[in-house]
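This report introduces a protein structure together with its ligand. Please keep the sequence and the structure in view while reading.

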Amino acid sequence: MKRRDFFGSTLTAAAALALPRRDLFGAIYRPASNRPQDIEAVTGDGRSVTLAGKAIADLKARLRGQILLAGDTGYEDARQILNPSFDKYPALIAQVTGVADVRAAVDFARDNGGLLLAVKCGGHSASGQSTCDKGMMIDLSPFRDVRVDPIARRARVTGGSLLGSLDHETMAYDLVTPMGTVSHTGIGGLVTGGGFGRLARRYGLSVDNLVGVDVVTADGQFRRASAEENPDLFWGVRGGGGNFGIVTSFQFQLHPMQRQVLGGQILFPLARAKDVLSLYGEYAPRTPDELQLDCHIVQPPGGAPGVAGFGICWSGSPSGAEAALAPIRQLGRPIQDTVAPMDYVALQKSGDVSDPRAQGTYVKSGFIPSLPPQLVNAIVDRFEGNPARSTIMAFQQGGGAIGRVAPHATAFAQRDAQANMLCFVNWPSTADPTEHIAWIKQYWTGLEPFTHGFYVNDVEAEMTAATIRENYRANHDRLVQVKNRYDPKNLFRLNANVRPTV
Ligand code: FAD
């Protein structure tokens with residue numbers, strides 16, 4: 001024992017011996033922190049409630065993770081999500097480390113009047129669904145782990161994990177499952193809503209590759225769900241978002257795939273936007289499954305020249321690449337062509353943002369069944385840059401294996417979409433966004449008539465219950481049945497909400 005440790009422990013022991021026996025026990029076992037004070041909070045249906053300090057202390061004692069209250073170290077960081085426009089202050093944040101913590105936190109939210117409850121995994125919800133004012137946030141970010149079984153070709157991923165860690169671990173065995181295109185996106189939100197990405201036309205949406213999930217439902221119970229066990233819950237979490245509970249573990253099937261793919265961008269001047277979009281409308285529905293062709297038009301801030309072009313991932317054999325890209329080459333000489341052989345994991349990180357919270361964002365989106373000339377004109381003729389923001393139109397490609405799954409096979413109904421069409425404006429988080437948000441709302445009125453429903457992961461805060469109901473199409477009634485069974489009081493409502501009817 002070191003000299004300082006010896007003196008320290010000797011002095012502690014001497015002080016303890018000077019105390020009566022009852023106080024000695026207390027001196028050793030009394031918790032380090034004081035009991036929290038009572039705090040004001042709100043329920044999901046907007047009522048005010050007081051959370052007793054004793055109840056918060058009891059919850060703290062049940063967790064391996066932490067409870068963070070305003071003023072605690074770590075609270076400021078934990079309350080934030082990717083989009084800084086949502087600057088909200090939950091009454092308390094439970095940072096959970098495993099299933100036991102998730103169960104305790106869900107019990108607390110339910111038993112304290114049905115607290116307004118936000119569930120955060122990667123924090124990418126553009127409309128701020130993963131945070132709230134005066135409610136409770138369950139922050140899954142300490143609950144991250146990926147296990148790959150290369151023999152069975154399965155991966156098991158905990159509910160707070162980010163997709164980059166799954167790509168990293170599976171690719172070590174030349175195995176893969178389709179995920180989104182930005183590596184710091186949460187698997188929890190991405191997968192429960194669908195999961196578009198660079199391999200989706202080849203292997204389906206992320207939800208199509210789930211073989212099972214573990215879920216903590218609103219009653220705090222742990223449930224396994226698969227084709228054999230709780231099949232209604234398994235059906236619902238594949239496209240119904242976070243409506244039914246917190247997924248604590250996802251089990252995915254894996255596919256053999258070579259590490260090296262062909263990836264990059266082919267960009268043209270903004271003046272050629274109509275040619276680019278027209279080609280996309282014509283070619284995207286008939287590309288080979290191994291080609292993921294996303295499309296975008298971008299006007300950067302500060303007056304830099306705008307561009308229109310394609311994001312490309314070719315995951316087939318190298319010999320097939322040129323034929324697949326030939327229609328794009330026919331557009332003529334691009335101003336930039338970065339398409340080259342590259343590591344799939346590196347390509348998956350190529351769109352990551354180094355300082356994500358520096359930019360506020362507002363998104364409008366909808367699925368399109370096709371991209372006809374009238375839509376091309378509507379997009380380009382009214383597209384307007386502004387030096388104070390980035391203005392972006394982007395398309396996530398559908399079709400291929402996504403479209404070969406029946407619309408009722410999972411809760412994800414829009415199997416017939418040619419693409420998810422998105423419009424973004426981004427501005428420095430310190431600037432006033434009023435003008436940019438007004439512009440995008442006005443611009444979108446000309447595009448919305450071409451859309452058929454929306455991607456639940458892009459749900460907007462202002463959407464009405466009727467719009468959401470319509471979006472789930474023929475799957476809505478079955479979703480209500482699943483909701484009635486697993487979340488009858490609508491504890492999980494910050495999402496594209498399925499309203500219970502019991
Ligand atoms: P969070 O904000 O943490 O959570 C969003 C919602 O998901 C929560 O409100 C909750 O309802 C639910 N949720 C989270 N974790 C769980 C869980 N473990 N169990 C149950 N419910 C849970 N989408 C694509 O399909 N493909 C893409 O390539 C893609 N790229 C994107 C890139 C960026 C930069 C951004 C901002 C978004 C992108 N999206 C993409 C959209 C993305 O799918 C959604 O924003 C999704 O909600 C992100 O999940 P998250 O866990 O990061 O979000």
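Which polar side-chain atom lies 2.8 Å from an oxygen atom of the ligand? The atom belongs to Thr181.

## Basis of the report

The model is predicted, so local features need pLDDT of at least 70 and side-chain atom pairs count only at pLDDT 80 or more, whereas totals for chains, interfaces and linings use all residues. Residues are numbered from 1 along each chain as its sequence is written, and side-chain values use heavy atoms, with hydrogens and water left out.

## The ligand and its shell

The ligand is surrounded by 31 residues (each with a heavy atom within 4 Å of it). The closest are Cys121, Gly123, Ser130, Phe196 and Tyr455. By class, the shell holds 11 nonpolar residues, 19 polar ones and one charged. Here Ala, Val, Leu, Ile, Met, Phe, Trp, Tyr, Cys and Pro count as nonpolar, Asp, Glu, Lys and Arg as charged, and the others, Gly among them, as polar. At least two shell residues come from each of β5 (117-120), α7 (187-193) and β12 (245-253); helices (H or I, at least four residues) and strands (E, at least two) are DSSP runs, numbered from the N terminus.

Backbone atoms also approach the ligand. A polar backbone atom of His124 is 3.1 Å from a ligand oxygen atom, and one of Ser125 is 2.9 Å from a ligand oxygen atom. The protein covers 89% of the 950 Å² of accessible area that the ligand has on its own (Shrake-Rupley method, 1.4 Å probe).

## Helix α6

Helix α6 spans residues 163-171, and its buried residues (under 20% relative accessible area, 1.4 Å probe, protein chains only) are Leu163, Gly164, Leu166, Asp167, Thr170 and Met171. These residues lie on the same side of α6 because they cover an arc of only 160° around the axis, taken from the directions from the helix axis to the C-beta atoms. They pack (heavy atoms within 4.5 Å) against β7 (146-149), β8 (154-158), β9 (175-176), α7, β12 and α12 (344-349).

## Two buried glutamines

Gln397 is located in strand β20 (residues 390-397) and counts as buried because its relative accessibility is 1%. Its side chain joins that of Thr287 in a polar contact of 2.9 Å (N or O atoms within 3.5 Å, one able to donate a hydrogen and the other to accept it; residues adjacent in sequence count only if both atoms are side-chain atoms).

Gln414 is found in the loop between β20 and β21 (419-428), and its relative accessibility of 5% makes it buried. The side chains of Gln414 and Asn471 form a polar contact of 2.8 Å. These two residues are 57 residues apart in sequence and 8.5 Å apart in space, C-alpha to C-alpha.

Terms used
Buried < 20%, exposed > 50% of the residue type's maximum accessible area, 1.4 Å probe, protein only.
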